[in-house]
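Here are a few short exercises to work through with the model open in your viewer. Try each task before reading its solution.

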Amino acid sequence: MMGASLAHALRHHAHFSGEIIAVVRSDRSAAALREKGLADTILVDVDPTTLAQYNPDFVVLGTPVLSLVEMLPLLRLDCPVTDMGSTRLAIERAARGTTLRFAGSHPMCGSENSGPEALVPDLFVNRLCIIINGIEEAVVDRDADLLDSIETFWKELGMHTFRLDATTHDRIVAGLSHGPHFLSSALAMTYLSDPLLLAKNEESPCAITGGGLRDMLRIAGSNPVMWRDILATNQRPIVDFLKSFRNELDTLIQNAERSDTDWVLTYQGRAHEVRDRIYGNARMGNGSSANLIPATHEASSSLVVGSENAKPRILSLDGPAGSGKSTVAGIIARRLGCLHADSGAIYRSLTYACMQLLGEQASPEEFGRVFLEQTPDPHGFALRVDYDNGKQLHYLNEEELGLKIRTPSVTARIRYIADHAQYRNRVNELLRELGAKTALIVDGRDIGTVVFPDTPFKFYLDAAVRTRAERRRKELIESGMEAPSLEELEKQIADRDEQDRNRKIGALQIPPGAILIDTSNIDRDMVVSGILAHLQEQF
Ligand SMILES: Nc1ncnc2c1ncn2[C@@H]1O[C@H](COP(=O)(O)OP(=O)(O)O)[C@@H](O)[C@H]1O
Ligand SMILES: Nc1ccn([C@@H]2O[C@H](COP(=O)(O)OP(=O)(O)O)[C@@H](O)[C@H]2O)c(=O)n1
């Protein structure tokens, strides 16, 4: 599952164009990977000692921990090697005796499901990856460049990273992850000691429990083999945690046997505090600010910038041209009752305004200088961005520009503007001013990375170049504009992707923590419902 999810994430990564070699153990897994087109080469059950002949640049090992321990000493590789094991000490010790350029990783996003069929497209996004920097606490014995390259790899896939030594890692995950899993199983087993509980519950037309017990039993009894391996490789810290839980349980029982019950007030209060320290509002991954966009289904007058009702909330939607950002942002904004800020259209109107000032023949340098000489920010330039009934409008000297900002000659010159820090800063300022006043869905290239890097609601849309060109062509034809051939449009889009991705500042990239959606094969309604589903999950 994790290996296939990794291949999927790489295949759909905007900057990864390398070859993926998948090494699997069964023909079944190979067939599933082949069917999904997730690897360029698939090797079944090969001898690990022979892997070097494929000249890999980077290797991620995704086998269970005990097989990893056996495999590491057999590998003969000189590229960076990492893994995805969930207990560390045994792996790190096995790696220490080798000459491998190895530093371990623990992407904390495993599940009880296995096999390539169970792949999760955005498995790594917004999850934590612990990078192992040594065996003992405070002794970083891994090469700094190696750690950096492994950390960058996971970050590129949207993960948050955190460095720890293996000993501390194992102790911490025993308490925060492994121990609670076993406790959940122990709680389930407790119901065997009083058959009446289970019997009456089964007789009842529906379960005699609220959601509390379901929450506590959710992780009971997950994949036995995985838990056997985890216990085998992290036994001491897990046993220590279970013993300390037993002590706490004894204290609880002693207190509960007392006739005075006021201790409960303090006890529950302190337990609540601990829970908040673990999952409190400021922590990532818990859906932080619990008050996301309420699902009002009508756009309303509260769309007006500066409305007192609106709370500042930002949803960023980045991606390349034609991936569907503006369409989807518009629909979601209407559904959630917030404003859609189209940052690309602001760049377009700035470009158009400069073209009016300088003429179409002006050079990129002349466009760049206008800012310094004329202060052509959206205000100083008599260029005004306004919103009317949720629609973003662009006025130059009080003339609404409409489709004039969408002509090929504007599109061809946007980079003269978008490459310059002065213009970018002004657009970013404008968006932030807006975001401070009202809830926004903002689409663009650098919204989740530069303009609103702290928003927890980040999405990245992508689609194959051909698909995007087909969409553009259809759009042009439908709006009565001249439509170049599909090949020509494909080339234009690919060129713009290249410019957008390689811009020195504000370049298009997947923001850390963004949810990735490939829209190539799904219609706009599915994209919208996918995003809304993610939002609802978190809030
Ligand atoms: N998921 C989708 N499936 C099919 N067509 C789409 C989808 N999303 C958008 N489109 C169409 O593709 C074209 C480009 O979409 P647009 O929202 O302008 O992309 P972007 O803002 O990312 O450049 C539009 O004509 C739009 O109607
Ligand atoms: N946040 C943004 C948005 C757009 N842009 C630039 O503006 C161009 C036009 O943006 P757009 O959103 O109108 O693009 P399309 O609708 O053509 O896909 C992009 O190709 C980028 O070069 C940017 O640099 N930063």
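Two strands count as paired if DSSP finds at least two bridges between them. Keep in mind that this is a predicted model.

**Exercise 1.** Work out which strands pair with β15, and in which sense.

*Solution.* Start with strand β9 (residues 314-318): β9 and β15 run parallel, joined over 4 bridges. To pin down the register, take Asp318, whose bridge partner in β15 is Tyr460. Next, go to strand β16 (residues 515-518), which also pairs with β15 in the parallel sense, over 4 bridges. Here Leu461 sits opposite Ile517 of β16.

**Exercise 2.** Decide whether the residues of β15 are buried or exposed, face by face.

*Solution.* The cut-off for buried is 20 or more other C-beta atoms within 10 Å of a residue's own. Strand β15 spans residues 457-462, and 6 of its 6 residues are buried. Now split them by face. In a regular strand, side chains alternate between the two faces of the sheet. One side of β15 carries Phe457, Phe459 and Leu461, while Lys458, Tyr460 and Asp462 are on the other; both sides are covered.

**Exercise 3.** Describe the shell around ligand 1: which residues come nearest, and which helix gives the most?

*Solution.* First, the closest contacts: of 16 residues around ligand 1, Gly324, Lys325, Ser326, Thr327 and Arg471 come nearest. Then sort the shell by type, which gives 3 nonpolar, 7 polar and 6 charged residues. Finally, look at the helices. At least two shell residues come from each of α12 (325-336), α18 (465-478) and α20 (524-538). The top contributor is α12, with 3 residues.

Terms used
Residues numbered from 1 in each chain as written. Chains lettered and ligands numbered in written order. Predicted model: local features only at pLDDT ≥ 70, side-chain atom pairs only at ≥ 80, totals over all residues. Near = placed C-beta within 6 Å. Nonpolar A, V, L, I, M, F, W, Y, C, P; charged D, E, K, R; others polar. Buried ≥ 20, exposed ≤ 12 C-beta atoms within 10 Å, placed from the backbone.
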